[in-house]
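Welcome! Let us take a friendly look at some unusual spots along a protein backbone.

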Amino acid sequence: MSKPDAPLPPIPPDAAPLREQLLQAAAAFATREHPLAELLQRMADDVERASLETLEIFPVCHHSPASGLHAAKRLREKKFRVLFVELCEDLRAQAPNLVGCQFPVALQGYSQGSDAFPPEWTPLNIVAPLSEFSAEYQAIAFAMANPDVHLVFVDRAVDFVFQWTPKKPGALEAKMAPADEDESSGAQQTPGATSGPPPGAGASHGGAVGVGLGDLAPTFEEFTEFLLRNARVQSFTEWWEQYVENAVLAHDYATYRNVLFLVGSLIRRLGRKNSDQSEDRDRERYMWTRMKEWLAANDVKPEEALYICGAAHAASEVP
């Protein structure tokens with residue numbers, strides 16, 4: 001295909017297949033209202049904006065070994081005073097309980113019942129799966145081993161996950177999937193999995209609503225089908241491992257961030273349903289507000305902080 005006018009951020013030569021995949025997807029889903037050159041320029045802007053943020057953003061994909069490895073390296077390289085993590089803020093109290101656990105595990109929020117929600121929703125159950133390959137777990141472990149480093153979960157509280165769910169038939173079920181589908185996906189029960197559940201699997205973990213830490217899997221089915229069909233793979237996890245994981249695993253930190261920002265931008269702009277994009281922006285406003293409040297209250301400079309979040313959130317246009 002012909003090269004676009006708008007340049008994409010630099011990526012290593014051995015990631016050429018990934019670049020071609022991204023360009024093909026962008027070209028396929030560009031519209032007359034938003035032509036290819038404009039779309040690519042916006043993706044380049046997303047990468048630049050995230051890269052220049054004073055509060056350092058660390059983009060991740062759930063359970064990605066590359067994310068976990070680069071997180072561990074970065075935490076050793078730079079002295080951060082606070083680690084902000086995309087996790088429900090009220091799950092923070094459970095972090096010390098991870099010491100001595102056999103992975104994979106999950107943090108859990110549970111309530112037998114509540115008068116504030118439809119009776120058919122009960123029991124209310126939320127899980128946040130973690131493996132040793134999770135960048136989020138690497139941050140938790142580092143903070144536990146270094147008491148002078150603050151660990152702050154900044155995503156909406158568990159209760160808000162249900163509050164933000166429309167109280168209409170099928171709304172909660174849309175966030176869930178049958179237990180056998182979750183178990184067969186291979187995405188969350190093994191530490192080597194490289195992404196969240198595949199499209200159509202929702203955000204479940206057994207009978208619970210799952211908090212998709214760093215989940216990057218597209219929710220727009222047509223986009224997913226195009227990506228998999230052109231890559232000749234069977235799942236998003238396979239696509240990720242073949243085109244992204246292998247390309248960034250052995251590269252430097254700057255390359256890792258550029259590639260994750262770029263992939264996150266593409267999926268955010270083309271691979272997410274409108275309803276999911278709206279909720280993403282609400283969560284991002286919530287998380288940035290929490291981070292700004294914490295920094296101000298504790299007299300910590302933004303450059304002394306690291307923000308670990310999903311790559312799609314990292315490409316956010318929310319100020």
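The text below visits cis peptide bonds and positive phi angles.

This is a predicted model, in which local features need pLDDT of at least 70, side-chain atom pairs count only at pLDDT 80 or more, and totals for chains, interfaces and linings use all residues. Residues are numbered from 1 along each chain as its sequence is written, and side-chain values use heavy atoms, with hydrogens and water left out.

Let us begin with the cis peptide bonds. Helices (H or I, at least four residues) and strands (E, at least two) are DSSP runs, numbered from the N terminus.

| Cis peptide bond | Omega |
|---|---|
| Phe103 and Pro104 | about 0° |
| Thr122 and Pro123 | about -5° |

Where do you find Pro104? Look in the loop between strand 2 (82-88) and strand 3 (105-111). Pro123 sits in the loop between strand 3 and strand 4 (124-130).

Next come the positive phi angles. His63 is not a glycine, yet its phi is positive, at about 65°. You can spot His63 in the loop that links strand 1 (56-60) with helix 3 (65-77). Arg232 is not a glycine either, and has a positive phi of about 55°. The loop between helix 7 (221-231) and helix 8 (236-248) holds Arg232.

Is His63 buried or exposed? Buried means under 20% relative accessible area, exposed over 50%, and partly exposed in between (1.4 Å probe, protein chains only). His63 has a relative accessible area of 0%, so it counts as buried. Arg232 is exposed because its relative accessibility is 75%.
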